[in-house]
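These notebook entries record what I looked up in the structure, beginning with how helices pack. Chain totals, unusual backbone angles and individual residues follow.

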Amino acid sequence: MRLSVPGPRSLAGQLFAMQAVLIAVVVAGYALFSYVSDRSQAEEAATRQARAVARSVADSPSVLAATRTDDPSAELQPYALKVMRDTEVDFITIMDPRGIRWTHPDPQQIGQTFQGHTEKALRGQTFTETYTGTLGPSVRAVTPIQDGPRVVGLVSAGIRVEEITQRVQDQLTALLGVAAGALVLGAVGTYVINARLRRHTHGMNASELSRMHDYHQAALHAVREGLLMLDGQYRVALINDGGRELLGVAGDVVGRSVAELGLPAPLTGALLASEPRVDEVHLTASRVLVINTSPVSGGERRGTVVTLRDVTELQSLMGELDSERGFTQALRSQAHEAANRLHTVVSLIELGRAEEAVEFATAELELAQALTDQVVAAVSEPVLAALLLGKTAQANERGVELMVSEESSLDDGLLPESLPARDLVTILGNLIDNAVDAAQGSVRARVTVAAYTRTSDATPELVLRVSDTGPGVDPEHAEAVFQRGFSTKPAGPGGRGLGLALVRQTSQRHGGSLTVTEADGGGAEFEVRLPLREPGTAAEGVPAEVPAARGAGGDA
């Protein structure tokens, strides 16, 4: 036969057992204390009762008168029995100074010698003692009967110890009943409380809870994604290392409200929202984050669990992919147009119009070369020049003319390493895309781009300006257009309102500024100013190695 060793009790079970034992010990101790106290009090009460009865009998005039007769027993025996019944004492013995009984509950004992001490009473004192007489152990009082200064008799009144014990037992029975009720009530209350504790701890014992806490702490620090837990009052209850890094918060933030963390308003609003958020894109000063929120409820709102993922690089790759798709579509369109032009040249040759074919081909070549020469002459920085050529083709396919302003002048090698070309692509690409969207469908749809350097307040800076012939920006929305999620166009599959937010984020990361005004010919004019710092330096408070967030499909 195999003996099974019981596993460790749950934490709730251990607490229940400990509380049950504690209540039982307290009740038992109280019962024992009460028994000892009640017995002592019962003995004191019996002593006071016997003393009072003895003094009352000794002071009675009828008793003193009876002691002067020839047969005191004849009058004192009925009197003593009556007083015994009225005062509920077990015996009253009246005797002469020699101790010869005149009265006794047992008539056979009358005339016999009193069993007990009488010396103090013969000297006129009243005293009490516990003594074993003819009726068994008793608590008795002995007092003199005095006729003036002379002692003419003695009175002893007593209560048997057995009777005192019976009184204490009656009280103890009631006490045990109350104690049993208290024990049952305490056990029921303890069971109810521990049943609730068992539900909250899922029946786990202390070692399991401790182990889970250790795993919990290790997992929090090991996960690279951000984890943020808020209580029911939207205060930070827990944040891991990844969450601190992604949100850019430092110090002890536990216990602080989300509104006090200095996060961007849209991100703060998402964290304070009561409904769940799924894969929402938000911007911080230097990152693009995807957040998910899930309320924690158990009959009442207990808080919110927030997960944070850094998609800055992913957003950059998506922007590059969008740009590549746009370039691919432009190349397809250009290839289609080139095929049409080539067919035209071939047809002219077949018709014997070789000179006209040469003129047509030369004109097309000069037009394409003129566009390339114009862009390269104004902006010789290779990445931006390639971007402008690609965007020109895309805009042309959508019926929008993209022009490079004559004031543009940006030589190759002028930009410092602290201002990578990829960030300029983020800024200029999003501004051009928004301008083309705005200008499309307008009369003489045009987008004008200017890129040049100048010195302002003894600090060289790069100026990027994009204007369009669209409807422009309402002055009331001049600040809102830079907020993530704001857009004047219908939402697409990837969402709207991210482009200008990325432009502003990138500009601020390099210590620059982004403004919007009304263009000279109508429409909107966006201008970005970026200080040209020495290589290795960065904007104040922003690490130089933070990757840029890029995207070419942004929307205002």
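**Entry 1. Helix crossings**

I first looked up the handedness of the crossing of H11 and H12, which is right-handed. The model I am reading is a predicted one. H11 covers residues 382–397 and H12 covers residues 421–439; I noted an angle of about 20 degrees between them and a separation of 10 Å between their axes. H11 and H12 are therefore roughly parallel to each other, since an angle under 35 degrees counts as such.

I then listed the residues that make this contact. H11 contributes Val 383, Leu 384, Leu 387, Leu 388, Lys 391, Gln 394 and Ala 395. From H12 come Ala 421, Leu 424, Val 425, Leu 428, Gly 429, Ile 432, Asp 433 and Val 436. By class, the residues of the contact of H11 with H12 are eleven nonpolar, two polar and two charged. I recalled that an α-helix has 3.6 residues a turn, so residues three or four places apart point the same way.

Next I asked which hand the crossing of H12 and H13 has. The crossing of H12 and H13 is left-handed. H13 spans residues 499–509, and H12 and H13 pack at an angle of about 150 degrees with their axes 9 Å apart. On the H12 side, the contact is made by Asp 423, Thr 426, Ile 427, Asn 430, Leu 431 and Asn 434. On the H13 side, I listed Gly 499, Leu 500, Leu 502, Val 503, Thr 506, Ser 507 and Arg 509. The residues of the contact of H12 with H13 divide into five nonpolar, six polar and two charged.

**Entry 2. Surroundings of H13**

I asked how many of the eleven residues of H13 are buried. Ten of the eleven are, so H13 is largely enclosed by the rest of the structure. The buried residues of H13 are Gly 499, Leu 500, Ala 501, Leu 502, Val 503, Arg 504, Gln 505, Thr 506, Ser 507 and Arg 509. I also noted Gly 511, just after H13, with a positive phi of about 75 degrees.

**Entry 3. Positive phi outside glycine**

I looked up Tyr 234, which is not a glycine and yet has a positive phi of about 60 degrees. Tyr 234 sits in the loop between strand E5 (226–231) and strand E6 (236–239). Is Tyr 234 buried or exposed? Its relative accessibility is 18%, so Tyr 234 counts as buried, the limit being under 20%.

Arg 444 is not a glycine either, and I noted for Arg 444 a positive phi of about 50 degrees. The loop that holds Arg 444 runs between H12 and strand E11 (446–456). At a relative accessibility of 64%, Arg 444 counts as exposed.

**Entry 4. Chain totals**

For the protein chain I recorded 13 helices and 14 strands. Of the 556 residues in the protein chain, 40% are buried. The accessible surface of the protein chain is about 30,300 Å², with 55% of it belonging to carbon and sulfur atoms. I also looked up sequence separation: among contacts between residues at least 6 apart in sequence, 58% join residues at least 24 apart.

**Entry 5. Individual buried residues**

I looked up Ala 80, which lies in helix H3 (residues 72–87). Ala 80 counts as buried at 2% relative accessibility. Leaving aside residues up to four places away in sequence, Ala 80 touches Ile 92 and Thr 103. From Ala 80 to Val 63, 17 residues away in sequence, the C-alpha to C-alpha distance is 9.6 Å.

Leu 289 belongs to strand E8 (residues 288–297) and is buried, with a relative accessible area of 0%. Which residues does Leu 289 touch, not counting residues up to four places away in sequence? I listed Leu 246, Leu 247, Glu 280, Val 281, His 282, Thr 284, Arg 309, Asp 310 and Val 311. Leu 289 and Asp 310 are 21 residues apart in sequence, and their C-alpha atoms are 4.8 Å apart.

Since His 282 is one of the residues that Leu 289 touches, I looked it up next. His 282 is in strand E7 (residues 277–283) and is buried, with a relative accessible area of 2%. The C-alpha atoms of His 282 and Asp 310 are separated by 10.0 Å, and the two residues are 28 apart along the chain.

Technical notes
Residues numbered from 1 in each chain as written. Predicted model: local features only at pLDDT ≥ 70, side-chain atom pairs only at ≥ 80, totals over all residues. Heavy atoms only, no water. Axes fitted to C-alpha atoms, helices over the stretch in contact; angles between N-to-C directions. Helix = DSSP H or I, 4+ residues; strand = E, 2+ residues; numbered from the N terminus. Parallel < 35°, antiparallel > 145°, perpendicular 65-115°, else oblique. Left-handed = near helix turned anticlockwise from the far one by under 90°. Contact = heavy atoms within 4.5 Å. Nonpolar A, V, L, I, M, F, W, Y, C, P; charged D, E, K, R; others polar. Buried < 20%, exposed > 50% of the residue type's maximum accessible area, 1.4 Å probe, protein only. Areas by Shrake-Rupley, 256 points an atom, 1.4 Å probe, with all protein chains shown as cover.
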